[in-house]
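Work through the exercises below with the model open beside you. Try each task before reading its solution.

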Amino acid sequence: MVGKGKGMTLVVLVVVMATVGSHAAVTSYSAAMTGSSMVPPANTSETGTGKFTYDSETGVFQGTIVHNVQGANAAHIHGPAPVGENAGVILTFVQGENGNYVVEEQVEEEFVAELVARRLYAQVHSDNHPNGAIRGQVVAPSDDDDSIVVPILIAVAIGLAVVAVIVVIVWIVRKRGNKNPEKAGKGGYRPQTNF
């Protein structure tokens with residue numbers, strides 16, 4: 001049987017681990033999109049930024065491309081291809097608010113493998129550049145980027161601090177419980193009579 005103190009500690013540990021695990025399931029990706037990244041390069045100063053996430057629990061890839069491409073008429077994820085090479089369309093975006101593009105798709109394992117390998121790129125097409133006006137490789141934060149690591153470490157530290165506080169409280173309560181005068185003579189608390 002699990003005591004109240006141990007049970008509470010177990011509950012806190014489960015909640016902390018579930019919280020940390022849920023954050024770790026979603027990975028952020030981005031794409032810095034320019035005309036010079038096109039193959040061959042597009043003669044334009046237009047730019048865009050893609051912000052994406054992949055949820056490993058649901059298998060959903062979603063994101064938005066914000067851009068300033070005049071006459072934009074399509075946006076896609078292309079691949080597999082490294083920087084400097086072209087590839088076919090894998091996902092098609094729909095036009096959202098303010099002419100920006102959005103996507104939300106359940107993706108296959110092959111897509112995820114290419115995503116992790118940085119072999120996918122986002123591209124916006126336009127009337128002036130039907131083969132693509134801007135392009136950017138879809139990449140995850142680098143290993144030295146603290147944008148994901150720091151929140152996870154903070155969550156773990158908070159969780160450990162909560163567990164430590166609960167353990168101390170349980171220890172204090174148990175110690176006080178052992179100071180019961182009825183337990184005197186059995187290793188319990190014995191009031192001092194010497195003044």
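The exercises that follow concern a predicted model.

**Exercise 1. The core**

Task: Find how many residues the largest nonpolar core has, and which elements give two or more residues to it.

Solution:
- Step 1. Start with the count: the largest nonpolar core has 25 residues.
- Step 2. Pick out those with the most contacts inside it: Phe52, Phe61, Ile65, Ile77 and Val124.
- Step 3. Go to the elements. Two or more residues come from each of strands E1 (26–34), E2 (47–55), E3 (60–67), E4 (72–78), E7 (101–106) and E8 (121–126), and from helix H2 (109–116).
- Step 4. Take isoleucine 65 as an example. Leaving out residues up to four places away in sequence, its contacts include Met33, Phe52, Phe93, Tyr101 and Val124.

**Exercise 2. The two sides of H2**

Task: Work out which residues of H2 are buried and why they lie on the same side.

Solution:
- Step 1. List the buried residues of H2: Phe111, Val112 and Leu115.
- Step 2. Look at the arc they cover around the axis. The arc is only 95°, so they are on the same side of H2.
- Step 3. Turn to the other side of H2. Glu109 and Glu110 are exposed there.
- Step 4. Ask what covers the buried residues. The cover includes E1, E2, E3, E4 and strand E5 (89–92).
- Step 5. Move just past H2. Arginine 118 has a positive phi of about 60°.

**Exercise 3. Aromatic rings**

Task: Determine how phenylalanine 52 and phenylalanine 61 are arranged, and which residues form one aromatic cluster.

Solution:
- Step 1. Count the aromatic pairs: the structure holds 3.
- Step 2. Inspect the pair of phenylalanine 52 and phenylalanine 61. The centres are 5.4 Å apart, with 20° between the planes.
- Step 3. Apply the cut-off. Planes under 30 degrees apart count as stacked, and this pair is stacked.
- Step 4. Check burial against the limit of under 20%. Phenylalanine 52 is buried at 2% relative accessibility, and phenylalanine 61 is buried at 1%.
- Step 5. Widen the view. Phe52, Phe61, Phe93 and Phe111 make up one aromatic cluster.
- Step 6. Add another ring. Tyrosine 121 has the charged end of arginine 135 over its ring, 3.4 Å from the centre.

**Exercise 4. A glutamine in strand E8**

Task: Decide whether glutamine 123 is buried or exposed, and find what its side chain reaches at 2.8 Å.

Solution:
- Step 1. Locate glutamine 123 in strand E8.
- Step 2. Read its relative accessible area, 3%; glutamine 123 is therefore buried.
- Step 3. Follow the side chain. At 2.8 Å it reaches the backbone oxygen of asparagine 131.
- Step 4. Find the other partner. The side chains of glutamine 123 and histidine 125 share a polar contact of 3.4 Å.

**Exercise 5. Far in sequence**

Task: Find how many residues apart alanine 81 and glutamine 137 are in sequence, and their C-alpha to C-alpha distance in space.

Solution:
- Step 1. Place both residues. Alanine 81 is in the loop between E4 and E5; glutamine 137 is in strand E9 (residues 134–137).
- Step 2. Compare the separations: 56 residues in sequence, and 9.1 Å in space, C-alpha to C-alpha.
- Step 3. Check burial. Alanine 81 is buried at 0% relative accessible area, and glutamine 137 is buried at 14%.
- Step 4. Look at contacts. Alanine 81 touches Gln137, with Arg118, Arg119, Leu120 and Tyr121 also among its contacts.
- Step 5. Finish with leucine 120. Its backbone oxygen lies 3.5 Å from a polar side-chain atom of glutamine 137.

Terms used: Residues are numbered from 1 along each chain as its sequence is written. This is a predicted model: local features need pLDDT of at least 70, side-chain atom pairs count only at pLDDT 80 or more; totals for chains, interfaces and linings use all residues. Side-chain values use heavy atoms; hydrogens and water are left out. A nonpolar core is a set of buried Ala, Val, Leu, Ile, Met, Phe, Trp, Tyr and Cys residues joined through side-chain atoms within 4.5 Å. Buried means under 20% relative accessible area, exposed over 50%, partly exposed in between (1.4 Å probe, protein chains only). Helices (H or I, at least four residues) and strands (E, at least two) are DSSP runs, numbered from the N terminus. Contact means heavy atoms within 4.5 Å. The arc is that of the directions from the helix axis to the C-beta atoms. A polar contact is a pair of N or O atoms within 3.5 Å; within protein, one must be able to donate a hydrogen and the other to accept it, and residues adjacent in sequence count only if both atoms are side-chain atoms. Rings of Phe, Tyr and Trp (its six-membered ring) pair if their centres lie within 6.5 Å; planes under 30 degrees apart count as stacked, over 60 as edge-to-face and the rest as tilted. A charge sits over a ring if NZ of Lys or CZ of Arg is within 6 Å of the ring centre and within 35 degrees of the ring normal.
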